[in-house]
Amino acid sequence: TKANSTLTVNGNVSFDYNNKGSTTVNFTNATGVVAEVIGKPNATVVVENDTITVSGLDAGNYVLSVTTITDGNHNNVSETVNVTVNKAKTVLAAKTVNAVYNVNKNLVITLKDSTGKSVSGVKITVKLKGTKTYTTDKKGQVKINVAKLVPKKYTAKVTFAGNSNYLKSTANVKVTVKKAKAKITAKKT
């Protein structure tokens with residue numbers, strides 16, 4: 001009769017969204033292992049020697065199945081471990097703006113994840129003389145022209161409410177709009 005191969009998966013896999021996580025395996029009477037995230041054929045699973053790396057999953061909980069690759073004298077064995085993909089932390093950043101009334105100047109707000117990758121196509125709310133919702137561009141940015149604001153000091157309250165893959169973040173940004181200097185010119189007559 002065939003002998004069984006052995007397999008040990010050394011721990012669950014945990015990582016933040018838009019990153020990757022890994023675990024290691026030990027096996028005997030096998031030439032290697034194959035692995036897959038159950039029910040998620042689009043997940044990226046890479047097996048290199050005794051290390052399995054998982055990526056390409058939304059935030060949530062999954063199961064990783066690992067099976068030995070054997071010859072004709074040994075039976076395959078399988079093990080499963082949990083895969084946890086955490087929501088990624090986010091950071092809202094914007095520089096203080098000093099503008100002059102009626103002169104084009106933008107408040108530029110950037111949303112990035114904890115690894116510095118831009119978060120595009122999500123909604124952020126900006127409270128600056130009223131509250132408006134904007135969608136971040138491919139650079140994770142929103143640009144708001146402040147040239148028409150009444151001259152004074154403002155604090156823009158910026159909020160990303162989070163979503164299924166990203167955690168909430170907030171920021172306060174100082175915006176100062178100064179009065180334009182008047183120019184008086186006279187024509188010779």
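Tyr-166 counts as buried here, at 9% relative accessibility. That makes a handy way into this predicted model, since Tyr-166 belongs to the one aromatic pair that a search of the whole structure turns up. The chain around that pair has 18 strands and zero helices. Here's a quick tour, starting with the two rings and working outwards.

**The aromatic pair**

- The partner of Tyr-166 is Tyr-17: the ring centres sit 5.2 Å apart with the planes at 85°, which is over the 60 degrees needed, so the pair goes down as edge-to-face.
- Both residues come from loops: Tyr-17 from the one between strand E3 (13–16) and strand E4 (20–28), and Tyr-166 from the one between strand E17 (152–160) and strand E18 (169–178).
- The pair ties together distant parts of the chain, with 149 residues separating the two tyrosines.
- Tyr-17 is buried too, because its relative accessible area of 17% falls under the 20% cut-off.

**Thr-90, a neighbour of Tyr-166**

- Thr-90 is in strand E11, which covers residues 90–94, and it is buried, with a relative accessible area of 10%.
- Setting aside residues up to four places away in sequence, Thr-90 touches Leu-111, Lys-112, Asp-113, Phe-160, Tyr-166, Leu-167, Lys-168 and Ser-169.
- Two polar contacts are worth clicking on: the Thr-90 side chain reaches the backbone oxygen of Leu-167 at 2.8 Å, and a side-chain to side-chain contact of 2.8 Å joins Thr-90 and Ser-169.

**Thr-135, a partly exposed threonine**

- Thr-135 lies in strand E15 (residues 131–135) and has 42% relative accessibility, so it lands between the 20% and 50% cut-offs as partly exposed.
- Not counting residues up to four places off in sequence, its contacts are Gly-121, Val-122, Lys-123, Gln-141 and Val-142.
- With Lys-123, the Thr-135 side chain makes a side-chain polar contact at 3.3 Å.
- Gly-121 is 14 residues away from Thr-135 along the chain, yet their C-alpha atoms are separated by 5.7 Å.

**The nonpolar core**

- In soluble globular proteins, nonpolar side chains tend to be buried together.
- The largest nonpolar core in this model has 43 residues, and the members touching the most others are Leu-64, Leu-107 and Val-175.
- Val-175 is in contact with Val-97, Leu-107, Val-146, Leu-149, Lys-152, Lys-153, Tyr-154 and Ala-156, leaving aside neighbours within four places in sequence.

**Two asparagines with positive phi**

- Asn-49 isn't a glycine, but has a positive phi of about 55°.
- You'll find Asn-49 in the loop between strand E6 (44–48) and strand E7 (51–55), where it is exposed at 69% relative accessibility.
- Asn-102 also has a positive phi without being a glycine, at about 70°.
- Asn-102 sits in the loop between strand E12 (97–100) and strand E13 (106–113) and is partly exposed, with a relative accessible area of 46%.

**The chain as a whole**

- Back to those 18 strands and zero helices: the radius of gyration is 27 Å, well over the 16 Å that the globule rule gives for 189 residues, so the chain is more spread out than a compact globule.
- Along the principal axes, the C-alpha atoms fill a box of roughly 115 × 30 × 20 Å.
- Of the 189 residues, 33% count as buried.
- Among contacts with a separation of 6 or more, 57% are between residues 24 or more positions apart.
- The accessible surface comes to about 11800 Å², with 47% of that belonging to carbon and sulfur atoms.

Note on methods. Residues are numbered from 1 along each chain as its sequence is written. This is a predicted model: local features need pLDDT of at least 70, side-chain atom pairs count only at pLDDT 80 or more; totals for chains, interfaces and linings use all residues. Side-chain values use heavy atoms; hydrogens and water are left out. Helices (H or I, at least four residues) and strands (E, at least two) are DSSP runs, numbered from the N terminus. Buried means under 20% relative accessible area, exposed over 50%, partly exposed in between (1.4 Å probe, protein chains only). Contact means heavy atoms within 4.5 Å. A polar contact is a pair of N or O atoms within 3.5 Å; within protein, one must be able to donate a hydrogen and the other to accept it, and residues adjacent in sequence count only if both atoms are side-chain atoms. A nonpolar core is a set of buried Ala, Val, Leu, Ile, Met, Phe, Trp, Tyr and Cys residues joined through side-chain atoms within 4.5 Å. The radius of gyration is taken over C-alpha atoms; the globule rule is 2.2 Å times the number of residues to the power 0.38. Accessible areas come from the Shrake-Rupley method with a 1.4 Å probe; for residues, only the protein chains shown count as cover. Rings of Phe, Tyr and Trp (its six-membered ring) pair if their centres lie within 6.5 Å; planes under 30 degrees apart count as stacked, over 60 as edge-to-face and the rest as tilted.
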